[in-house]
Amino acid sequence: EGTFGSGSSSTAANGNGGGGGYSTGSLWEGGGGGGGGNGTAGTTGQNSFTSPPNAGGTGGGISGTSNLTNATFGGGGGKGGLRGSNGGGNGGDGGGFIFIIGATIANNGSVVSNGNNGANYTGTYGGGGGGGGGGSIMLKSQAVTLGSNQMSANAGNAGNGEQNGGNDAGNGGAGGIGRIRVEYETSLSGTTNPSASTSQNQIPA
């Protein structure tokens with residue numbers, strides 16, 4: 001399963017969830033929250049531009065396996081650091097898990113398990129929230145038609161920290177991309193984003 005991003009001031013990653021941006025609470029602008037991970041690690045949030053700086057949250061780690069025998073949700077992004085009652089941006093939710101099985105699969109629409117974007121700061125002095133990690137998508141069929149990049153498990157974008165031209169707060173970190181796996185027997189066509197891990201299975205005798 002995926003893990004939540006950490007709250008403000010807990011900078012360590014929580015599994016594949018991003019760490020929160022650090023803040024002293026009443027002094028200086030906050031660091032940005034770390035992005036959630038899955039197929040790739042989330043990006044660490046930006047430090048604040050203060051002296052001394054408040055640290056950005058660590059990006060969430062890689063989770064699961066490329067063949068999805070161990071599948072996880074995308075990790076949530078960490079919350080941006082805050083100052084007093086002035087809020088840092090919330091981290092974005094990670095993408096979920098989608099499993100589709102059938103004799104044939106023909107995708108004529110969109111199959112999406114993207115991470116949500118991190119929120120921008122609220123009020124003043126807050127750090128940006130980390131983006132959520134992309135989720136996981138699994139397909140099993142004899143024949144698969146994917147379409148052209150209509151299936152996605154993309155990362156959420158980072159939220160912006162407060163920028164005042166001086167002691168700026170940190171921006172959040174972007175999420176990591178998710179995982180897509182396709183197992184088929186006779187035919188496979190089309191593309192996904194990110195590119196799918198694929199396996200052609202032997203047709204039973």
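Accessible areas here come from the Shrake-Rupley method with a 1.4 Å probe. On that basis, the chain in this predicted model has an accessible surface of about 8,600 Å², and carbon and sulfur atoms account for 48% of that surface. Of the 205 residues in the chain, 45% are buried. Along the principal axes, the C-alpha atoms fill a box of roughly 70 × 25 × 20 Å.

The secondary structure is quickly described. There are six strands and zero helices, and reading along the sequence gives the pattern β-β-β-β-β-β. Among the contacts with a separation of 6 or more, 68% are between residues 24 or more positions apart.

With the overall picture in place, the interior comes next. Eleven residues form the largest nonpolar core, namely Ile105, Val111, Ile137, Leu139, Val144, Leu146, Met151, Ala153, Ile180, Val182 and Tyr184. Strand E3, spanning 136-152, and strand E4, spanning 179-184, each supply at least two residues of this core. The largest share, five residues, comes from E3. One of the core members, Tyr184, is in contact with Ser141, Gln142, Val144, Ser199, Gln200 and Asn201, once its neighbours within four places in sequence are left aside.

Strand E4 also holds arginine 179, a residue that repays a closer look. Arginine 179 counts as buried because its relative accessibility is 13%, below the 20% limit for that class. Not counting residues up to four places away in sequence, arginine 179 touches Asn38, Gly39, Ile62, Ser63, Gly64, Thr65, Ser66, Leu68, Gly135, Ser136, Ile137 and Ala153. One of these partners, serine 63, is 116 residues from arginine 179 in sequence, while the C-alpha atoms of the two are 9.8 Å apart in space. Another partner, glycine 64, offers its backbone oxygen, which the side chain of arginine 179 reaches at 3.3 Å.

A second arginine, arginine 181, takes part in a polar contact of 2.6 Å between its side chain and that of serine 197. Serine 197 is placed in strand E6, which covers residues 197-200. Apart from residues up to four places away in sequence, serine 197 touches Ser66, Ile180, Arg181 and Val182. Two of these, Ile180 and Val182, are also members of the nonpolar core. Ser66 appears among the contacts of arginine 179 as well.

Attention then turns to the segment before E1, where serine 48 is located. Serine 48 is buried, as its relative accessible area is 4%. Its side chain makes a polar contact of 2.8 Å with the side chain of threonine 50, and the side chain of serine 48 also reaches the backbone oxygen of glutamate 29 at 3.4 Å. Leaving out residues up to four places away in sequence, serine 48 touches Glu29, Gly30, Gly31, Pro53, Asn54, Asp168, Ala169 and Gly170.

The exterior offers a nonpolar feature of its own. Phe73, Phe97, Phe99 and Ile101 make a nonpolar surface patch of about 420 Å². Within this group, isoleucine 101 is found in strand E1, which runs over residues 97-106. Isoleucine 101 counts as exposed because its relative accessibility is 60%, and exposed residues are those over 50%.

Technical notes. Residues are numbered from 1 along each chain as its sequence is written. This is a predicted model: local features need pLDDT of at least 70, side-chain atom pairs count only at pLDDT 80 or more; totals for chains, interfaces and linings use all residues. Side-chain values use heavy atoms; hydrogens and water are left out. A nonpolar core is a set of buried Ala, Val, Leu, Ile, Met, Phe, Trp, Tyr and Cys residues joined through side-chain atoms within 4.5 Å. Buried means under 20% relative accessible area, exposed over 50%, partly exposed in between (1.4 Å probe, protein chains only). Helices (H or I, at least four residues) and strands (E, at least two) are DSSP runs, numbered from the N terminus. Contact means heavy atoms within 4.5 Å. A polar contact is a pair of N or O atoms within 3.5 Å; within protein, one must be able to donate a hydrogen and the other to accept it, and residues adjacent in sequence count only if both atoms are side-chain atoms. Patches are made of residues with over 30% relative accessible area and no salt bridge: like charges are joined within 9 Å, nonpolar side chains (Val, Leu, Ile, Met, Phe, Trp, Tyr) within 5 Å. A salt bridge is a side-chain nitrogen of Lys or Arg within 4 Å of a carboxyl oxygen of Asp or Glu.
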